[in-house]
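Hi everyone, thanks for making time this morning. I'd like to walk you through a few spots in one structure, so please bring up the viewer and follow along.

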Amino acid sequence: MVRLRAYRRFFVVAWQFLPLLWAYTRDRRRFVLFGRGRQVDVETQRERAQRLLDSLLTLGPTFIKLGQLLSTRPDILPPAYIDELSKLQDEVPPAEWEEAKRVLEEDLGPVDDRFEEFKRDAISGASLGQVYRAYVDDRLVAVKVRRPDIESLIEADLRVIKFSLPVLLRFVKDAQSFSLENLADEFAKTIREEMDYEREADMLREIRGNFEGDDRIAIPEIVESHSTGRVLTMEYIGGTKISNVRELDELDIDRTAVAETLQRTYLQMIIEDGVFHADPHPGNLAVQEDGSIVFYDFGMSGRVDPFVQEKIVEFYIAVANQDIDGILDTLIEMGTLSPEADRQVMGDVMELAIADVRGEQIEQYRVNQIINQVENTIYEFPLRLPSNLALILRVATVVEGVCVTLDPEFDFIETATEYLSEEGYREETAKQIAEDTGRELWDSTRASIRLPQIADDTLTKLGRGDVTVNVDIEDPNNVFDRFAKRLIYGLLLSVTLISTSIIYSFRAWQPAVVPALISVVIVYILYRSFKKRRTGIRTRPQFTRQSMRRRREE
């Protein structure tokens with residue numbers, strides 16, 4: 001049944017995305033089968049992003065959720081798409097009440113019997129369900145109800161995405177392909193977990209327990225008697241949406257303090273607790289009158305293994321110390337950066353990124369300089385996103401956006417540095433560095449003692465002519481292959497031109513046309529071999545603070 005539905009959905013999805021795929025194909029080759037690539041201006045990107053948004057809404061819950069996930073991935077989509085898809089965070093239409101009522105009564109029994117009062121207008125519409133307010137034992141609660149019959153639709157759509165991915169990968173470069181494949185795997189895992197409200201309840205209980213006694217954080221308590229795998233009932237905690245800056249100012253709330261609390265909370269979740277709320281967009285965060293932060297919707301939650309926790313600490317400390325080599329080494333160890341990366345270029349990018357995160361004004365010529373270094377290979381960057389880091393990066397990106405909304409001058413590095421110092425991580429790391437340095441010094445001393453003997457043995461072998469040298473040449477970019485092809489094309493061109501000249505000299509006009517046409521074809525092939533191919537979706541490196549300021553000014 002699911003397979004049959006997947007086949008039907010494949011044609012529906014293909015029909016929705018066909019105009020965009022056609023446009024991206026023409027971006028690569030203006031006349032589809034041949035021709036140069038074409039540049040796409042920002043206005044065109046916005047129009048396409050709006051069409052993509054409409055298609056996602058038309059296709060329903062699975063693709064709405066996919067759009068929400070894509071809206072936090074600037075490594076895959078340009079800013080115009082990110083801006084448009086961000087609307088999916090809060091503007092998802094809820095399902096009809098009768099549908100929600102059917103799920104409630106199947107799992108809990110008659111609504112009027114189980115609840116003293118049930119308000120039928122949803123206060124929040126989500127891609128997989130919606131939230132209502134009700135009363136249980138004179139207590140105001142929030143009731144999260146999963147959309148009916150969503151399971152088969154999700155499974156069919158996941159198959160469609162799996163079928164479609166090889167086609168989509170033809171429109172992107174290698175680094176984007178890596179991110180998209182990981183995104184597809186992450187999405188399938190995440191959406192299945194989000195449909196399981198029992199898992200969400202377990203994660204909520206654990207995270208709530210980790211912050212028990214912390215009056216800066218408010219996490220709802222679950223009403224066990226009214227919760228199932230498809231219905232989750234919890235206490236209702238009101239508050240002002242965290243991105244509503246005007247109302248926060250009217251309540252005289254210190255927005256900088258709220259931003260600091262938010263970042264510290266996520267540092268604790270990721271570095272210490274190993275379990276974290278993974279969907280911190282403004283619709284899931286509120287602020288109470290006393291300045292405490294309320295967390296909603298734990299459907300998207302994740303865990304961090306100890307190795308990743310350790311590397312994240314090392315990364316933050318390297319950033320705090322502005323140790324560029326340390327940053328790059330940590331990224332390589334986590335699998336996020338290829339060991340073959342150009343460290344000079346990546347170091348320049350990291351320096352610029354650190355300055356931006358600190359809220360420093362960056363000279364435009366410096367930004368342009370870095371962009372010029374990487375513009376033509378932005379998606380060939382050796383930056384990767386392993387699946388175990390995908391949710392963490394998503395959280396970091398969204399939290400940064402929320403904190404900058406609260407305080408445009410908020411210093412993430414300073415807050416992280418203070419937190420790591422208070423918790424003793426910096427001292428532990430310094431001790432570890434000292435131990436590693438001592439170990440390396442001892443190894444170097446032992447090696448220096450052995451060196452004379454090794455040198456003597458090597459020179460003896462050289463004197464006997466008993467040394468063989470094997471050389472392997474790595475050519476990941478196929479330079480030698482392209483050079484050989486161009487050399488062959490050049491030789492063929494010389495032959496055809498000489499043939500044309502000889503035949504033409506004997507006044508044989510018509511036979512001379514054949515080698516002349518072959519020469520033209522070879523010239524075109526040579527010309528194409530020297531041109532860099534373009535892809536349909538291109539973007540530039542994004543520097544969050546400056547991008548936000550520029551968009552506000554516009």
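Let's start at S301. Leaving aside neighbours within four places in sequence, S301 is in contact with E193, R199, M203, I207, F276, H277, A278 and L391. Please keep in mind as we go that this is a predicted model. As for where S301 belongs, it is part of strand β11, which covers residues 301–303. Is S301 buried or exposed? Its relative accessibility is 1%, so S301 counts as buried. The S301 side chain has a polar partner as well: one of its polar atoms lies 2.7 Å from the backbone oxygen of F298.

Next stop, T228. You'll find T228 in the loop between β5 (217–218) and β6 (231–235). Although T228 is in a loop, it counts as buried, with a relative accessibility of 18%. For anyone who wants the cut-off, buried means under 20% relative accessible area. Which residues does T228 touch, not counting those up to four places away in sequence? They are D107, L108, Y197 and E198. There is also a sequence-distant pairing to look at: T228 and L104 are 124 residues apart in sequence, and their C-alpha atoms are 9.6 Å apart in space. And if you zoom in on the side chain of T228, a polar atom there lies 3.2 Å from the backbone nitrogen of R230.

Now for the rings. How many aromatic pairs are there? The count comes to 7. Take F118 and Y132: their ring centres are 5.6 Å apart and their planes sit at 45 degrees, so this pair is tilted. F118 is in strand β1 (residues 117–118) and Y132 is in strand β3 (residues 129–136), so the pair ties together parts that are 14 residues apart in sequence. F118 and Y132 are both buried. A second example is Y266 with F295, where the ring centres are 6.0 Å apart and the planes are at 55 degrees, so that pair is tilted too. Here the link is between distant parts of the chain, with Y266 in helix α11 (residues 255–273) and F295 in strand β10 (residues 293–295), 29 residues apart. Y266 is buried, at a relative accessible area of 4%, and F295 counts as buried at 2%.

Going back to F118 and Y132 for a second, ring pairs link these two with W97 and F115 into a cluster. And for those of you who like charges and rings, have a look at R133, which lies over the face of Y236, at 5.8 Å from the ring centre.

Let's finish with helices. Helix α3 (residues 61–70) packs against helix α7 (residues 150–168) with the axes 9 Å apart and at an angle of about 60 degrees. At that angle, α3 and α7 are therefore oblique to each other. On the α3 side, the residues that meet α7 are P61, T62, F63 and L66. Their counterparts in α7 are I150, L153, I154, D157 and I161.

One more helix, and then I'll let you go. Which residues of α13 (residues 324–334) are buried? They are I324, G326, I327, L328, T330, L331 and M334. As general background, an α-helix has 3.6 residues a turn, so residues three or four places apart point the same way. Right after α13 comes G335, with a positive phi near 85 degrees. That's my tour, and I'm happy to go back to any of these spots.

Methods:
Residues numbered from 1 in each chain as written. Predicted model: local features only at pLDDT ≥ 70, side-chain atom pairs only at ≥ 80, totals over all residues. Heavy atoms only, no water. Helix = DSSP H or I, 4+ residues; strand = E, 2+ residues; numbered from the N terminus. Buried < 20%, exposed > 50% of the residue type's maximum accessible area, 1.4 Å probe, protein only. Polar contact = N/O pair within 3.5 Å; in protein donor to acceptor, adjacent residues only side chain to side chain. Contact = heavy atoms within 4.5 Å. Phe/Tyr/Trp six-rings, centres within 6.5 Å; stacked < 30°, edge-to-face > 60°. Lys NZ or Arg CZ within 6 Å of the ring centre and 35° of its normal. Axes fitted to C-alpha atoms, helices over the stretch in contact; angles between N-to-C directions. Parallel < 35°, antiparallel > 145°, perpendicular 65-115°, else oblique.
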